[in-house]
Amino acid sequence: MAKRHAATIAARAGIAEDTAFGAVTPPIYLTSTYELEAFRQPGPYDYSRSNNPTRDVLGEALAELEGGAKAIVTNTGMSACLLALQLLKPEDTLVFPHDCYGGSYRLFINLAQRKHAFKIQIVNFQDTDWAEQVRLAAPAMIWLETPSNPLLQITDIQAVCQLAAELAAKVVVDNTFLSPVLQQPLALGADIVVHSTTKYINGHSDIIGGALIAKDVAIGDELKWWGNCLGLTGGALDAYLTLRGLRTLSPRIRLQQENTLAVVDFLAAHPLVAKVYYPGLASHPGHAIAKVQQSGFGAMCSFELNAAPEYLYDFFAALKYFTLAQSLGGTESLVCHPATMTHASMDAAAQQRAGIGATLVRLSVGIEDIADLITDLDKALQQVAKRLSV
Ligand SMILES: Cc1ncc(COP(=O)(O)O)c(C=O)c1O
């Protein structure tokens with residue numbers, strides 16, 4: 001089949017494929033087990049931890065979207081991360097960035113230090129000598145998250161993959177922040193992509209899920225085996241809801257991105273905002289690379305409040321259309337304080353190394369009308385100004 005565009009893959013996933021009744025929308029197979037065709041004659045499915053038709057439709061769509069050979073749909077984003085780590089042995093080294101998602105950071109550190117599952121080396125991929133640092137670590141696996149969470153730092157995926165090929169290391173990219181609509185790491189040389197499908201892929205903040213997409217069939221098969229062995233695979237109902245969300249991924253993320261551009265312009269011009277982090281800004285250190293390896297700058301941005309941290313109470317309390325909550329990527333706008341929320345599992349020193357300060361605020365911009373979003377931010381900043389003048 002000719003290569004299809006992302007919007008078409010997502011909108012058509014499993015559509016008009018039902019052979020039983022001609023249902024246009026794929027049915028939900030809420031079954032844990034499957035009847036054998038006869039004694040010693042198994043059918044195509046036997047037990048839903050191993051395989052489930054609804055989950056398979058989602059997996060096939062995600063594999064096609066990321067340009068991979070195989071996808072494994074998992075029950076959380078963290079289980080997709082855990083699954084990728086099954087390729088490592090105790091003598092192997094995992095290199096990961098100093099500013100990855102707090103939960104991934106916690107998983108890597110604890111599996112290494114408490115379980116001796118592998119060795120670790122943290123690298124700041126923004127350092128000019130990052131390649132030297134990676135070379136010295138001689139890793140078996142390099143983990144990337146670009147744009148990073150929460151400062152939206154950009155790493156050159158292709159450059160890292162070239163070095164990884166020299167070192168015979170696998171490259172895993174957490175593509176949660178952009179989705180395959182805006183970035184396709186496998187085409188840039190990565191071996192594995194992981195997603196928290198909880199975020200943009202599902203897009204409606206009503207399930208927790210994950211996915212791992214492997215470029216190579218053999219790696220995909222091995223990880224599928226581990227997914228079943230460890231029991232990390234996702235449920236059919238979650239897969240169905242994720243498929244429903246996935247259909248609108250392309251238009252959602254483009255509208256969210258359009259809103260983010262306007263929010264960033266507003267924040268960048270505001271006196272109570274000390275700094276805005278968004279790779280779409282020409283002043284962002286990763287702008288040039290983002291322009292080449294991404295097909296858009298995404299719908300996440302962060303900023304530093306230009307006031308003492310206690311004024312954040314006023315700011316958050318005044319917001320109406322940015323809900324103070326963890327997570328990102330839904331149709332509703334969310335605001336979070338990374339230091340005490342998403343990145344609380346990093347200790348103070350690690351937060352400082354990652355540049356996560358007390359006045360840092362992260363926004364996940366939704367699909368609300370942009371005029372309402374800007375008015376909301378403006379009012380909340382006015383509230384801070386009022387308190388500052390008392
Ligand atoms: C970049 C990134 N990766 C992985 C995860 C973990 O995903 P989940 O919460 O679905 O387990 C998150 C969750 O916030 C995330 O932001």
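## A two-domain model, starting from its ligand

Of the 15 residues around the ligand, those that come nearest are Thr76, Gly77, Tyr101, Ser196 and Thr198. Keep in mind that this is a predicted model. The domain assignment splits the protein into domain 1, residues 6-246, and domain 2, residues 250-388. Below is a short tour of the ligand shell, the contact between the domains, and two buried strands.

**Around the ligand**

- Helix H3 (77-84) and helix H4 (102-113) are the elements that give two or more residues to the shell around the ligand.
- Sorted by class, this shell holds nine polar, four nonpolar and two charged residues.

**Where the two domains meet**

- The C-alpha centres of domain 1 and domain 2 are 26 Å apart.
- Contact between them involves 32 residues of domain 1 and 35 residues of domain 2.
- On the side of domain 1 that touches domain 2, at least two residues each come from helix H1 (6-12), H4, H6 and helix H7 (179-182).
- H4 supplies the largest share of that side, with four residues.
- By class, the residues on this side of domain 1 are 16 nonpolar, 12 polar and four charged.
- H4 therefore turns up in two places if you are tracing it on screen: it gives residues to the ligand shell, and it also gives residues to the side of domain 1 that touches domain 2.

**Strand E4 and its neighbours**

- Strand E4 covers residues 141-145, and because five of its five residues are buried, the strand is largely enclosed by the rest of the structure.
- Met141, Trp143 and Glu145 point one way from E4, Ile142 and Leu144 point the other way, and all of them are buried.
- Strand E2 (residues 93-97) runs parallel to E4 and is joined to it by two bridges.
- In that pairing, Leu94 sits opposite Met141 of E4.
- E4 is also joined to strand E5 (residues 170-174), again in parallel, through five bridges.
- Here Glu145 has Asp174 of E5 as its bridge partner.
- To get from E4 to E5 the chain passes through helix H6 (residues 157-167), making a right-handed β-α-β crossover.
- H6 is also one of the helices that supply residues to the side of domain 1 touching domain 2.

**Strand E12 and its sheet**

- Strand E12 covers residues 360-364; five of its five residues are buried, so this strand too is largely enclosed by the rest of the structure.
- Both faces of E12 are covered, with Leu360, Arg362 and Ser364 buried on one side and Val361 and Leu363 buried on the other.
- E12 belongs to an open sheet of five strands in the order E8-E9-E12-E11-E10, where the pairing is mixed.
- The edges of this sheet are strand E8 (273-277) and strand E10 (323-324), each of which pairs on one side only.
- Strand E9 (residues 300-305) pairs with E12 in the antiparallel sense over five bridges.
- Within that pairing, Met300 stands opposite Ser364, and Cys301 stands opposite Leu363.
- Strand E11 (residues 334-336) also runs antiparallel to E12, and three bridges join the two.
- Leu334 has Ser364 of E12 as its bridge partner.

Conventions: Residues are numbered from 1 along each chain as its sequence is written. This is a predicted model: local features need pLDDT of at least 70, side-chain atom pairs count only at pLDDT 80 or more; totals for chains, interfaces and linings use all residues. A residue is buried if 20 or more other C-beta atoms lie within 10 Å of its own, exposed if 12 or fewer, and partly exposed in between; C-beta atoms are placed from the backbone. Two strands pair if DSSP finds at least two bridges between them. A crossover is right-handed if, with the strands pointing away from the viewer, the path from the first strand over the helix to the second runs clockwise. A residue is near a molecule or strand if its C-beta atom, placed from the backbone, lies within 6 Å of it. Ala, Val, Leu, Ile, Met, Phe, Trp, Tyr, Cys and Pro count as nonpolar, Asp, Glu, Lys and Arg as charged, and the others, Gly among them, as polar. Domain bounds come from an automatic or database domain assignment. Two residues are in contact if their C-beta atoms, placed from the backbone, lie within 7 Å.
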